[in-house]
Amino acid sequence: MKRIIVLIIAVVALAGCEKNEPPKVEAKVELKTFKVSAQKVQAFVDATGTVQPDLDGAAKILTPLAGSVEKILVRVGDGVKQGTPLALLRSSDVSDAYAGHLSALAQLKQAERSYDLNKKLFEIGAVTKNDLLTSEANYEQSKAIVEGLKKKLDIYGTSRGSGSKGNLTIRSPIAGNVVDMQAHMGDRFDTSTPLMIVANPNRSLIVANIYDTDVAKVHNGSTVTFTTDVFPDITFKGTISYVSDVEDPDSKTIKTYIRLIGHTTMLKQNMFLKIRIFDGERLLPVIAKSAMIYKEGKFYVQLKTPSGFEQREIKPLRDVSEKYSAVQGLKDGDLIAISAMDKEQP
(Lines give C-alpha, C1' and ligand atoms only; values in the text may rest on other atoms or scores of the structure.)
Protein backbone atom coordinates (compact mmCIF):
# COMPACT_ATOMS: atom_id res chain seq x y z
CA MET A 1 0.00 0.00 0.00
CA LYS A 2 2.83 2.38 0.87
CA ARG A 3 4.51 1.60 -2.46
CA ILE A 4 1.38 2.55 -4.39
CA ILE A 5 1.09 5.87 -2.56
CA VAL A 6 4.75 6.71 -3.32
CA LEU A 7 4.27 5.99 -7.03
CA ILE A 8 1.20 8.21 -7.22
CA ILE A 9 3.09 11.08 -5.58
CA ALA A 10 6.01 10.67 -8.05
CA VAL A 11 3.71 10.76 -11.09
CA VAL A 12 1.95 13.89 -9.80
CA ALA A 13 5.32 15.58 -9.19
CA LEU A 14 6.53 14.81 -12.70
CA ALA A 15 3.33 16.10 -14.22
CA GLY A 16 3.73 19.31 -12.31
CA CYS A 17 7.29 19.75 -13.60
CA GLU A 18 6.16 19.37 -17.21
CA LYS A 19 3.47 22.03 -16.77
CA ASN A 20 5.89 24.49 -15.23
CA GLU A 21 8.61 24.10 -17.98
CA PRO A 22 8.71 27.25 -20.17
CA PRO A 23 7.74 26.78 -23.88
CA LYS A 24 10.59 26.46 -26.45
CA VAL A 25 11.06 29.49 -28.75
CA GLU A 26 12.29 28.75 -32.30
CA ALA A 27 15.31 30.96 -33.20
CA LYS A 28 14.77 33.23 -36.20
CA VAL A 29 17.82 34.11 -38.34
CA GLU A 30 17.82 37.60 -39.79
CA LEU A 31 19.63 37.72 -43.16
CA LYS A 32 21.91 40.65 -43.76
CA THR A 33 21.42 42.45 -47.06
CA PHE A 34 23.82 44.08 -49.49
CA LYS A 35 22.79 47.00 -51.68
CA VAL A 36 23.75 46.59 -55.31
CA SER A 37 25.59 49.58 -56.75
CA ALA A 38 26.26 50.33 -60.42
CA GLN A 39 29.87 51.27 -61.18
CA LYS A 40 31.94 52.05 -64.24
CA VAL A 41 33.85 48.90 -65.10
CA GLN A 42 36.39 48.37 -67.88
CA ALA A 43 34.72 46.11 -70.43
CA PHE A 44 36.77 43.44 -72.17
CA VAL A 45 36.55 40.07 -73.86
CA ASP A 46 38.92 37.24 -72.94
CA ALA A 47 40.00 34.86 -75.69
CA THR A 48 42.84 32.64 -76.86
CA GLY A 49 44.85 32.78 -80.05
CA THR A 50 48.12 31.96 -81.81
CA VAL A 51 50.92 33.78 -83.61
CA GLN A 52 50.57 33.48 -87.39
CA PRO A 53 52.61 34.94 -90.28
CA ASP A 54 51.43 38.23 -91.71
CA LEU A 55 50.48 37.28 -95.26
CA ASP A 56 50.35 40.93 -96.31
CA GLY A 57 53.54 41.05 -98.35
CA ALA A 58 54.09 37.28 -98.25
CA ALA A 59 54.59 35.32 -101.47
CA LYS A 60 52.25 32.55 -102.54
CA ILE A 61 54.41 30.17 -104.54
CA LEU A 62 52.55 29.24 -107.71
CA THR A 63 53.63 27.13 -110.66
CA PRO A 64 53.46 28.75 -114.13
CA LEU A 65 52.51 25.37 -115.61
CA ALA A 66 50.33 22.48 -114.55
CA GLY A 67 52.22 19.37 -113.50
CA SER A 68 53.13 16.97 -110.69
CA VAL A 69 55.53 17.47 -107.77
CA GLU A 70 58.81 15.65 -108.38
CA LYS A 71 60.68 16.81 -105.26
CA ILE A 72 60.27 19.22 -102.33
CA LEU A 73 63.54 20.99 -101.51
CA VAL A 74 62.53 22.88 -98.33
CA ARG A 75 60.52 22.36 -95.14
CA VAL A 76 58.20 24.58 -93.11
CA GLY A 77 60.30 26.98 -91.03
CA ASP A 78 63.28 26.98 -93.39
CA GLY A 79 64.79 30.35 -94.21
CA VAL A 80 65.26 31.02 -97.92
CA LYS A 81 66.87 33.73 -100.03
CA GLN A 82 65.50 35.27 -103.18
CA GLY A 83 66.06 32.72 -105.96
CA THR A 84 66.44 29.69 -103.64
CA PRO A 85 65.07 26.50 -105.33
CA LEU A 86 61.93 25.38 -103.49
CA ALA A 87 60.59 22.45 -105.51
CA LEU A 88 60.96 20.49 -108.74
CA LEU A 89 57.86 19.85 -110.84
CA ARG A 90 57.46 17.52 -113.79
CA SER A 91 55.52 19.11 -116.63
CA SER A 92 54.90 17.95 -120.18
CA ASP A 93 55.32 21.54 -121.38
CA VAL A 94 58.78 21.71 -119.82
CA SER A 95 59.73 18.28 -121.20
CA ASP A 96 58.62 19.32 -124.67
CA ALA A 97 60.57 22.58 -124.46
CA TYR A 98 63.62 20.75 -123.15
CA ALA A 99 63.48 18.18 -125.97
CA GLY A 100 62.91 20.96 -128.52
CA HIS A 101 65.93 22.80 -127.18
CA LEU A 102 68.17 19.73 -127.59
CA SER A 103 66.87 19.18 -131.13
CA ALA A 104 67.41 22.85 -132.02
CA LEU A 105 70.98 22.68 -130.73
CA ALA A 106 71.71 19.74 -133.01
CA GLN A 107 70.20 21.57 -135.97
CA LEU A 108 72.23 24.67 -135.09
CA LYS A 109 75.49 22.73 -135.16
CA GLN A 110 74.57 21.23 -138.54
CA ALA A 111 73.61 24.67 -139.95
CA GLU A 112 76.85 26.16 -138.60
CA ARG A 113 78.96 23.47 -140.28
CA SER A 114 77.09 23.91 -143.55
CA TYR A 115 77.52 27.66 -143.47
CA ASP A 116 81.27 27.42 -142.68
CA LEU A 117 81.72 24.94 -145.50
CA ASN A 118 79.84 27.11 -148.02
CA LYS A 119 81.96 30.11 -147.08
CA LYS A 120 85.13 28.18 -147.97
CA LEU A 121 83.62 26.76 -151.15
CA PHE A 122 82.40 30.19 -152.25
CA GLU A 123 85.93 31.56 -151.94
CA ILE A 124 87.18 29.03 -154.50
CA GLY A 125 84.06 29.38 -156.66
CA ALA A 126 82.67 25.93 -155.92
CA VAL A 127 79.20 27.24 -154.86
CA THR A 128 77.10 30.18 -155.90
CA LYS A 129 76.48 33.21 -153.75
CA ASN A 130 72.84 32.17 -153.47
CA ASP A 131 73.94 28.87 -151.86
CA LEU A 132 76.08 30.82 -149.41
CA LEU A 133 73.24 33.18 -148.49
CA THR A 134 70.83 30.27 -148.04
CA SER A 135 73.18 28.46 -145.66
CA GLU A 136 73.73 31.69 -143.74
CA ALA A 137 69.97 32.21 -143.38
CA ASN A 138 69.52 28.63 -142.13
CA TYR A 139 72.28 29.18 -139.59
CA GLU A 140 70.77 32.44 -138.29
CA GLN A 141 67.31 30.85 -138.11
CA SER A 142 68.65 27.93 -136.07
CA LYS A 143 70.40 30.35 -133.70
CA ALA A 144 67.11 32.24 -133.16
CA ILE A 145 65.21 29.01 -132.44
CA VAL A 146 67.82 27.87 -129.89
CA GLU A 147 67.85 31.28 -128.22
CA GLY A 148 64.05 31.36 -128.00
CA LEU A 149 63.87 27.89 -126.44
CA LYS A 150 66.67 28.75 -124.03
CA LYS A 151 64.75 31.81 -122.79
CA LYS A 152 61.64 29.66 -122.44
CA LEU A 153 63.58 27.17 -120.30
CA ASP A 154 64.98 30.04 -118.24
CA ILE A 155 61.43 31.21 -117.56
CA TYR A 156 60.56 27.66 -116.48
CA GLY A 157 63.58 27.64 -114.19
CA THR A 158 65.55 24.95 -115.98
CA SER A 159 68.35 24.80 -118.51
CA ARG A 160 70.18 22.28 -120.64
CA GLY A 161 73.09 21.88 -118.26
CA SER A 162 71.25 22.05 -114.93
CA GLY A 163 70.92 18.31 -114.49
CA SER A 164 67.18 18.70 -113.83
CA LYS A 165 66.25 16.52 -116.83
CA GLY A 166 63.65 18.98 -118.00
CA ASN A 167 61.92 19.46 -114.60
CA LEU A 168 60.38 22.80 -113.71
CA THR A 169 62.39 24.43 -110.90
CA ILE A 170 60.28 26.63 -108.60
CA ARG A 171 62.32 29.37 -106.92
CA SER A 172 61.51 31.80 -104.12
CA PRO A 173 60.70 35.31 -105.37
CA ILE A 174 61.54 36.87 -101.98
CA ALA A 175 63.72 36.28 -98.93
CA GLY A 176 61.89 34.95 -95.87
CA ASN A 177 60.71 31.78 -94.13
CA VAL A 178 58.55 28.96 -95.49
CA VAL A 179 55.44 29.31 -93.29
CA ASP A 180 52.98 26.99 -95.04
CA MET A 181 53.40 23.87 -97.17
CA GLN A 182 50.60 22.47 -99.31
CA ALA A 183 52.68 20.46 -101.79
CA HIS A 184 53.67 16.80 -101.37
CA MET A 185 55.64 14.52 -103.63
CA GLY A 186 53.44 13.14 -106.38
CA ASP A 187 50.70 15.76 -106.01
CA ARG A 188 49.32 17.30 -109.19
CA PHE A 189 49.06 21.09 -109.25
CA ASP A 190 47.52 23.69 -111.52
CA THR A 191 48.51 27.31 -111.96
CA SER A 192 46.01 28.65 -109.37
CA THR A 193 46.88 26.50 -106.32
CA PRO A 194 49.81 27.65 -104.12
CA LEU A 195 52.50 25.07 -103.50
CA MET A 196 53.67 26.89 -100.36
CA ILE A 197 53.93 30.36 -98.78
CA VAL A 198 57.09 32.33 -98.02
CA ALA A 199 56.68 35.23 -95.55
CA ASN A 200 58.80 37.83 -93.80
CA PRO A 201 59.66 36.35 -90.35
CA ASN A 202 59.67 39.82 -88.77
CA ARG A 203 56.02 40.44 -89.65
CA SER A 204 53.46 38.49 -87.63
CA LEU A 205 49.77 38.62 -86.81
CA ILE A 206 47.81 37.34 -83.83
CA VAL A 207 44.77 35.27 -84.79
CA ALA A 208 42.22 35.18 -81.95
CA ASN A 209 39.17 32.93 -81.76
CA ILE A 210 36.19 34.98 -80.52
CA TYR A 211 32.92 33.28 -79.53
CA ASP A 212 29.95 34.48 -81.54
CA THR A 213 28.26 35.69 -78.34
CA ASP A 214 31.13 38.17 -77.80
CA VAL A 215 31.75 39.32 -81.37
CA ALA A 216 29.49 42.37 -80.99
CA LYS A 217 31.93 43.70 -78.39
CA VAL A 218 34.92 43.43 -80.75
CA HIS A 219 35.68 46.26 -83.20
CA ASN A 220 38.41 47.26 -85.62
CA GLY A 221 40.97 49.44 -83.85
CA SER A 222 40.17 48.10 -80.36
CA THR A 223 43.11 47.87 -77.95
CA VAL A 224 44.36 44.38 -77.18
CA THR A 225 46.78 42.96 -74.60
CA PHE A 226 48.03 39.40 -74.52
CA THR A 227 50.46 37.17 -72.66
CA THR A 228 52.25 33.89 -73.24
CA ASP A 229 53.70 31.37 -70.81
CA VAL A 230 57.01 31.64 -72.67
CA PHE A 231 57.42 35.26 -71.46
CA PRO A 232 55.25 35.39 -68.29
CA ASP A 233 56.51 38.82 -67.18
CA ILE A 234 55.80 40.60 -70.47
CA THR A 235 52.43 41.99 -71.58
CA PHE A 236 52.28 42.49 -75.33
CA LYS A 237 50.03 45.02 -77.04
CA GLY A 238 48.22 45.24 -80.34
CA THR A 239 45.15 46.51 -82.18
CA ILE A 240 42.42 44.68 -84.05
CA SER A 241 42.82 45.03 -87.81
CA TYR A 242 40.09 42.72 -89.12
CA VAL A 243 37.17 40.63 -87.87
CA SER A 244 36.22 37.76 -90.18
CA ASP A 245 32.73 37.50 -91.64
CA VAL A 246 32.81 33.69 -91.44
CA GLU A 247 32.01 31.62 -88.34
CA ASP A 248 33.46 28.19 -87.64
CA PRO A 249 30.35 25.99 -87.36
CA ASP A 250 32.03 23.49 -85.01
CA SER A 251 33.65 25.79 -82.44
CA LYS A 252 31.15 28.69 -82.85
CA THR A 253 34.09 31.10 -83.04
CA ILE A 254 35.06 33.88 -85.42
CA LYS A 255 38.68 34.59 -86.35
CA THR A 256 39.87 38.05 -85.38
CA TYR A 257 43.20 39.38 -86.66
CA ILE A 258 45.38 41.53 -84.40
CA ARG A 259 48.38 43.57 -85.51
CA LEU A 260 51.28 43.68 -83.05
CA ILE A 261 52.77 46.82 -81.54
CA GLY A 262 56.50 46.26 -80.86
CA HIS A 263 58.24 43.08 -79.55
CA THR A 264 57.44 41.33 -82.84
CA THR A 265 60.71 39.39 -83.01
CA MET A 266 60.12 37.73 -79.61
CA LEU A 267 56.98 35.92 -80.70
CA LYS A 268 57.35 32.83 -82.84
CA GLN A 269 54.87 31.19 -85.17
CA ASN A 270 52.14 29.06 -83.49
CA MET A 271 52.88 30.35 -79.94
CA PHE A 272 49.73 30.06 -77.77
CA LEU A 273 48.46 33.34 -76.31
CA LYS A 274 45.94 34.51 -73.71
CA ILE A 275 44.21 37.56 -75.16
CA ARG A 276 42.16 40.41 -73.65
CA ILE A 277 40.27 42.76 -75.99
CA PHE A 278 39.12 46.02 -74.40
CA ASP A 279 35.77 47.64 -75.22
CA GLY A 280 35.70 50.86 -73.16
CA GLU A 281 33.89 51.39 -69.83
CA ARG A 282 30.38 50.17 -69.03
CA LEU A 283 28.06 50.87 -66.09
CA LEU A 284 27.55 47.47 -64.45
CA PRO A 285 26.02 46.29 -61.14
CA VAL A 286 28.69 45.25 -58.65
CA ILE A 287 28.03 42.79 -55.80
CA ALA A 288 29.97 40.96 -53.10
CA LYS A 289 31.15 37.52 -54.23
CA SER A 290 29.92 36.05 -50.92
CA ALA A 291 26.35 36.75 -52.07
CA MET A 292 26.61 34.35 -55.03
CA ILE A 293 25.25 30.82 -55.01
CA TYR A 294 26.63 28.32 -57.56
CA LYS A 295 24.26 25.51 -58.48
CA GLU A 296 24.16 23.19 -61.51
CA GLY A 297 26.48 25.33 -63.60
CA LYS A 298 24.71 28.65 -62.93
CA PHE A 299 25.02 31.51 -60.44
CA TYR A 300 22.19 32.89 -58.29
CA VAL A 301 21.57 35.44 -55.53
CA GLN A 302 18.76 35.83 -52.99
CA LEU A 303 16.96 39.03 -54.03
CA LYS A 304 14.85 40.82 -51.42
CA THR A 305 11.31 41.61 -52.58
CA PRO A 306 8.24 42.99 -50.70
CA SER A 307 7.08 39.41 -50.10
CA GLY A 308 10.45 38.05 -48.97
CA PHE A 309 13.58 36.66 -50.61
CA GLU A 310 13.50 35.01 -54.03
CA GLN A 311 16.21 33.29 -56.01
CA ARG A 312 17.46 35.32 -59.01
CA GLU A 313 19.86 34.03 -61.69
CA ILE A 314 22.85 36.26 -62.49
CA LYS A 315 25.83 36.11 -64.84
CA PRO A 316 29.25 37.09 -63.44
CA LEU A 317 31.05 39.27 -65.99
CA ARG A 318 34.40 40.10 -64.42
CA ASP A 319 36.12 40.60 -61.08
CA VAL A 320 36.36 44.18 -59.85
CA SER A 321 38.49 43.24 -56.84
CA GLU A 322 39.24 40.23 -54.68
CA LYS A 323 35.83 40.43 -52.98
CA TYR A 324 33.59 42.11 -55.57
CA SER A 325 32.43 41.20 -59.06
CA ALA A 326 30.46 42.92 -61.82
CA VAL A 327 27.40 40.91 -62.84
CA GLN A 328 24.47 40.87 -65.21
CA GLY A 329 20.88 40.31 -64.07
CA LEU A 330 20.54 42.93 -61.31
CA LYS A 331 20.05 46.68 -61.20
CA ASP A 332 21.34 49.55 -59.13
CA GLY A 333 19.69 49.67 -55.68
CA ASP A 334 18.58 46.01 -55.49
CA LEU A 335 18.95 44.37 -52.07
CA ILE A 336 20.42 40.88 -51.94
CA ALA A 337 21.30 38.54 -49.08
CA ILE A 338 24.98 38.86 -48.33
CA SER A 339 25.01 35.45 -46.65
CA ALA A 340 22.89 33.77 -49.26
CA MET A 341 23.96 30.24 -48.33
CA ASP A 342 21.98 30.60 -45.09
CA LYS A 343 18.84 30.86 -47.18
CA GLU A 344 19.70 27.98 -49.49
CA GLN A 345 18.11 24.65 -48.51
CA PRO A 346 20.40 21.61 -48.40
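D54 sits in the loop between β2 (37–53) and β3, and in this predicted model the residue is buried, with a relative accessible area of 5%. The side chain of D54 makes a polar contact, at 2.8 Å, with the side chain of R259. Setting aside neighbours within four places in sequence, D54 is in contact with A199, R203, S204, L205 and R259. The points below turn to the sheets, the nonpolar cores, helix α3 and the aromatic rings.

**Sheets**

- One open sheet has 4 strands in the order β3-β10-β8-β5, and the pairing is antiparallel; its edge strands are β3 and β5 (79–80), each of which pairs on one side only.
- Within this sheet, β5 and β8 run antiparallel and are joined by 2 bridges, and V80 stands opposite G176 in β8.
- Another open sheet, also described by 4 strands, follows the order β7-β6-β4-β9 with antiparallel pairing, and here the edge strands are β7 and β9 (188–189), each pairing on one side only.
- Strand β4 (residues 67–72) pairs with β6 in the antiparallel sense over 4 bridges, and the bridge partner of S68 in β6 is R90.
- As general background, strands of a sheet pair through backbone hydrogen bonds, and they may do so in a parallel or an antiparallel way.

**Nonpolar cores**

- The largest nonpolar core has 23 residues, of which I61, V74, L86, L168, V178 and M196 touch the most other members.
- At least two residues of this core come from each of β3 (59–61), β6 (85–90), α2 (92–123), α3 (129–156), β7 (168–171), β8 (176–181) and β10 (196–199).
- Apart from this core lies another one, made of 19 residues, among them V51, I206, I240 and I254.
- When residues up to four places away in sequence are not counted, L86 touches I61, I72, L73, V74, V80, I170, R171, S172, M196 and V198.
- In soluble globular proteins, nonpolar side chains tend to be buried together.

**Helix α3**

- The 28 residues of α3 should span 40 Å at 1.5 Å a residue, and the C-alpha atoms at its ends are 41 Å apart, which agrees with that expectation.
- The buried residues of α3 are L132, S135, Y139, S142, V146, L149, L153 and Y156, and what covers them includes α2 and β7.
- An α-helix has 3.6 residues a turn, so residues three or four places apart point the same way.
- K150 is also found in helix α3, but its relative accessibility is 39%, and because buried means under 20% and exposed means over 50%, K150 counts as partly exposed.
- Although K150 and Y98 are 52 residues apart in sequence, their C-alpha atoms are 8.6 Å apart in space.

**Aromatic rings**

- The count of aromatic pairs comes to 7, and one of them is the stacked pair of Y115 and Y139, with 5.7 Å from centre to centre and 15° between the planes.
- This pair links distant parts of the chain, with Y115 in helix α2 and Y139 in helix α3, 24 residues apart, and both Y115 and Y139 are buried.
- Elsewhere, ring pairs link F226, F231 and F236 into a cluster.

Methods
Residues numbered from 1 in each chain as written. Predicted model: local features only at pLDDT ≥ 70, side-chain atom pairs only at ≥ 80, totals over all residues. Heavy atoms only, no water. Core = buried A, V, L, I, M, F, W, Y, C linked by side-chain atoms within 4.5 Å. Buried < 20%, exposed > 50% of the residue type's maximum accessible area, 1.4 Å probe, protein only. Contact = heavy atoms within 4.5 Å. Pairing = 2+ DSSP bridges. Expected span 1.5 Å × (residues − 1). Polar contact = N/O pair within 3.5 Å; in protein donor to acceptor, adjacent residues only side chain to side chain. Phe/Tyr/Trp six-rings, centres within 6.5 Å; stacked < 30°, edge-to-face > 60°.
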